[in-house]
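Colleague: I am new to this structure and would like to go through it slowly, one question at a time. Could you show it to me before we start?

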Amino acid sequence: MEIIKHIAFSTRDDYELFNYLTQNGISVHQVNGHHMASIDISTSDPHWHWISNYVHKHNKLCLSDINFSKQELSEAQWLKVRCIWRTGYPEPSEQYKYKSITYTNEKVCSECSVGLLQQDSFRLKKAPSWGRRHFYAPFWIEDELFVSDLAKDILSNAEISGISFMKVLHKSRNDFLTGVYQLVIPTILENGLIEDESYLKTISVCSKCGTRKYCENGCGPLIMHKEIFENVPDIVKTGDVFGGMPGIACRHILINQKVYRILSDNQLDRSLQFYPIELR
């Protein structure tokens with residue numbers, strides 16, 4: 001397991017940091033025509049100590065993520081999966097109108113947004129240009145995955161339990177887009193998260209519905225009770241709810257080792273990131 005820090009800064013205001021990075025040959029991602037820049041650096045990097053001190057002293061934006069080895073991923077019984085290829089928005093995107101069309105809010109909490117239930121197909125402007133990628137998610141949608149024709153065929157033929165596929169509608173026409181499908185995951189686990197400060201940044205409790213919502217710190221794997229995974233399908237969603245901002249609430253998508261191997265063996269994982277679940 002390797003912890004990666006993503007740091008955003010200004011090349012103009014943070015000249016001391018920028019100078020240190022360039023002098024030490026550390027790759028800086030700069031936005032053309034702007035002063036904004038960022039770096040991704042491992043906490044095992046010998047320069048991390050100096051950079052960390054600067055970040056804390058000047059209160060720079062610093063986010064964490066984890067890279068796991070192939071061995072760690074292949075030994076995990078269950079894994080969290082996240083799509084890292086984002087493009088476009090669910091439609092109609094104006095003033096988030098898609099929520100009242102795609103979802104029903106009959107059981108939603110007005111305070112924390114928990115309880116949205118899908119009632120209709122998602123709508124998009126167009127199908128993604130897949131290239132060599134086969135999983136995609138629009139911005140704002142954290143707990144759904146969309147797949148290509150190839151991914152749909154492979155997953156269907158592999159007889160993976162706990163999924164179905166739903167066609168995606170065009171934004172304005174009443175017809176379906178070709179080459180893109182929503183991966184429907186109906187099974188919601190029982191709540192089973194073990195609260196541990198090693199990977200949790202904050203825990204909030206909704207004052208209206210009482211739902212506990214978790215925000216991860218990106219420094220460790222989820223820890224869950226192993227008994228909630230007994231006799232469940234190959235792909236599920238957590239009962240526990242996650243989100244670091246008010247009004248944002250989502251569930252994590254979890255897959256077992258069988259699904260992970262199918263995705264990796266068929267090179268369907270180019271736009272996916274995997275995190276082993278620690279079971280206790």
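Colleague: What is the volume of the largest cavity?

Modeller: Please keep in mind that this is a predicted model, and that the count comes to 1 cavity of 30 Å³ or more. For the largest cavity, the computed volume is about 50 Å³.

Colleague: Which elements give two or more residues to the lining of the largest cavity?

Modeller: The lining of the largest cavity is made by V81, F135, L145, L155, L183, I235, I253, I255, V259 and L263. Taking these residues by element, those that contribute two or more to the lining are β18 and α6.

Colleague: Which residues of α6 are buried?

Modeller: A residue counts as buried when its relative accessible area is under 20%. Among the residues that line the largest cavity are V259 and L263, and α6 also supplies at least two residues of the largest nonpolar core. By that cut-off, the buried residues in α6 are Q257, V259, Y260, I262 and L263.

Colleague: Which members of the largest nonpolar core touch the most other members?

Modeller: In soluble globular proteins, nonpolar side chains tend to be buried together. Here the largest nonpolar core holds 42 residues, and the elements that each supply at least two of them include β5 (78-83), α5 (149-157), β12 (176-184) and β19 (272-276). A second, separate core has 17 residues, including L193 and F242. Within the largest core, the members that touch the most others are F135, I255, L263 and F274.

Colleague: Is Y89 buried, partly exposed or exposed?

Modeller: Y89 lies in the loop between β5 and α4 (98-102), and together with Y96, F139 and W140 it forms a nonpolar patch on the surface, with about 400 Å² of accessible area together. Because its relative accessible area is 37%, which falls between the cut-offs of 20% and 50%, Y89 is partly exposed.

Colleague: Is S38 buried or exposed?

Modeller: S38 is found in strand β3 (residues 36-42), and its C-alpha is 9.0 Å from that of S27, with the two residues 11 apart in sequence. Since the relative accessible area of S38 is 13% and the cut-off is 20%, S38 is buried.

Colleague: Which of the residues lining the second largest pocket lie nearest its centre?

Modeller: The second largest pocket has about 220 Å³ of space, and the elements that give two or more residues to its lining are β13 (200-205) and β14 (212-216). Of its 18 lining residues, those nearest the centre are C112, S204, C206, K213 and P246.

Definitions and conventions:
Residues are numbered from 1 along each chain as its sequence is written. This is a predicted model: local features need pLDDT of at least 70, side-chain atom pairs count only at pLDDT 80 or more; totals for chains, interfaces and linings use all residues. Side-chain values use heavy atoms; hydrogens and water are left out. A nonpolar core is a set of buried Ala, Val, Leu, Ile, Met, Phe, Trp, Tyr and Cys residues joined through side-chain atoms within 4.5 Å. Buried means under 20% relative accessible area, exposed over 50%, partly exposed in between (1.4 Å probe, protein chains only). Helices (H or I, at least four residues) and strands (E, at least two) are DSSP runs, numbered from the N terminus. Patches are made of residues with over 30% relative accessible area and no salt bridge: like charges are joined within 9 Å, nonpolar side chains (Val, Leu, Ile, Met, Phe, Trp, Tyr) within 5 Å. Accessible areas come from the Shrake-Rupley method with a 1.4 Å probe; for residues, only the protein chains shown count as cover. A salt bridge is a side-chain nitrogen of Lys or Arg within 4 Å of a carboxyl oxygen of Asp or Glu. On a 1 Å grid over the protein atoms alone, a cavity is a set of points where a 1.4 Å probe fits but cannot get out, and a pocket is an open set with protein on both sides within 12 Å along at least five of seven lines; lining residues have an atom within 4 Å of a point. Grid points are joined across faces, edges and corners, and a volume is the space filled by probe spheres set on the points.
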